[in-house]
Amino acid sequence: MMGNGDLENRGGTKGRGNTYPPTNYSSSYYVESTETQWTSWLVPMIVVANVAMFVVIMYVNNCPKNNFESEGRCVARFLGRLSFQPLKENPLFGPSSSALEKLGALDWKK
């Protein structure tokens, strides 16, 4: 017979007042002060790998040596060997297509 009764109408106080975390905290998520903060290492490592690969590609590119003046002058020539291709050739401030082909970026078979 107990299964047929309505729990809300019985006036029971089971579970009332025993909330965790205590209600005097304004946040709904309680963090103990002894916990250490977890930080991700994956995303920073991907960023470092991308920057390193970009520097290698720009080193192989060597715009001042491999650029023909008919296409324009290298952008940011003060970087020397790491300067960008002219904006007519690569408007995204990067290497030439021949440098990318040399490293296998534009070859679908590689």
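## Close-up views of a predicted model

**View 1. The surroundings of S83 in the predicted model.** When neighbours within four places in sequence are set aside, S83 makes contact with M58, N61, C63, P64, C74, V75, A76 and R77. The residue at the centre of this view belongs to the loop between α2 and α3, and S83 is classed as buried because its relative accessibility is 0%, where the cut-off for buried is under 20%. Its side chain also has a polar partner within the backbone, since the oxygen of G80 is reached at 3.0 Å. Two of the residues listed around S83, namely C63 and C74, are the pair shown in the next view, and N61, also in that list, returns in the view of S96.

**View 2. The disulfide between C63 and C74.** The structure contains one disulfide, in which C63 and C74 are joined with an S to S distance of 1.9 Å. The angle about the S-S bond is -95°, and the link of C63 and C74 is accordingly described as left-handed. Because C63 lies in helix α2 (residues 63–66) whereas C74 lies in the loop between α2 and α3 (97–102), the pair ties together parts that are 11 residues apart in sequence. Both C63 and C74 are buried.

**View 3. The contacts of C74 in the loop between α2 and α3.** With a relative accessibility of 6%, C74 falls under the 20% cut-off and therefore counts as buried. Apart from residues up to four places away in sequence, C74 touches C63, P64, N67, S83, F84 and P86. The last of these, P86, is 12 residues from C74 along the sequence, yet the two C-alpha atoms are 4.9 Å apart in space. S83 appears among the contacts of C74, just as C74 appears among those of S83, and C63 and P64 are found in the list for C74 as well as in the list for S83.

**View 4. Positive phi angles at N62 and A76.** Although N62 is not a glycine, its phi is positive, at about 50°. The residue is placed in the loop between α1 and α2, and N62 counts as buried, with a relative accessibility of 10%. A76 is likewise not a glycine and has a positive phi, of about 60°, but its place is in the loop between α2 and α3. A76 is also one of the residues in contact with S83, which links this view to the first.

**View 5. Polar contacts of S96 in the loop between α2 and α3.** The side chain of S96 is joined to that of N61 by a polar contact of 3.0 Å, and a polar atom of the S96 side chain lies 3.2 Å from the backbone nitrogen of A99. Because its relative accessibility is 5%, below the 20% limit, S96 counts as buried. Once neighbours within four places in sequence are left aside, the residues in contact with S96 are N61, Q85 and E89.

**View 6. E89 and its partner Q85.** E89, one of the residues in contact with S96, is located in the loop between α2 and α3. With a relative accessible area of 31%, E89 is partly exposed, in contrast to S96, which counts as buried. The side chains of E89 and Q85 are joined by a polar contact of 2.8 Å, and Q85 is itself in contact with S96. Although E89 and G72 are 17 residues apart along the chain, their C-alpha atoms are separated by 8.6 Å.

**View 7. A nonpolar patch on the surface that includes W41.** The patch is formed by W41, L42, V43, M45, I46, V47, V51, V55, Y59, F78, L79 and L82, which together have about 1,300 Å² of accessible area. W41 lies in the segment before α1 (42–61), and with a relative accessible area of 62% this residue is exposed.

**View 8. The chain as a whole, for orientation among the close-ups.** The secondary structure comprises three helices and zero strands, and along the sequence the pattern reads α-α-α. Of the 110 residues in the chain, 15% are buried. The chain exposes about 9,700 Å², of which carbon and sulfur atoms supply 60%. Among contacts between residues at least 6 apart in sequence, 27% join residues at least 24 apart.

Conventions:
Residues are numbered from 1 along each chain as its sequence is written. This is a predicted model: local features need pLDDT of at least 70, side-chain atom pairs count only at pLDDT 80 or more; totals for chains, interfaces and linings use all residues. Side-chain values use heavy atoms; hydrogens and water are left out. Patches are made of residues with over 30% relative accessible area and no salt bridge: like charges are joined within 9 Å, nonpolar side chains (Val, Leu, Ile, Met, Phe, Trp, Tyr) within 5 Å. Accessible areas come from the Shrake-Rupley method with a 1.4 Å probe; for residues, only the protein chains shown count as cover. A salt bridge is a side-chain nitrogen of Lys or Arg within 4 Å of a carboxyl oxygen of Asp or Glu. Helices (H or I, at least four residues) and strands (E, at least two) are DSSP runs, numbered from the N terminus. Buried means under 20% relative accessible area, exposed over 50%, partly exposed in between (1.4 Å probe, protein chains only). A disulfide is a pair of cysteine sulfur atoms within 2.5 Å. A polar contact is a pair of N or O atoms within 3.5 Å; within protein, one must be able to donate a hydrogen and the other to accept it, and residues adjacent in sequence count only if both atoms are side-chain atoms. Contact means heavy atoms within 4.5 Å.
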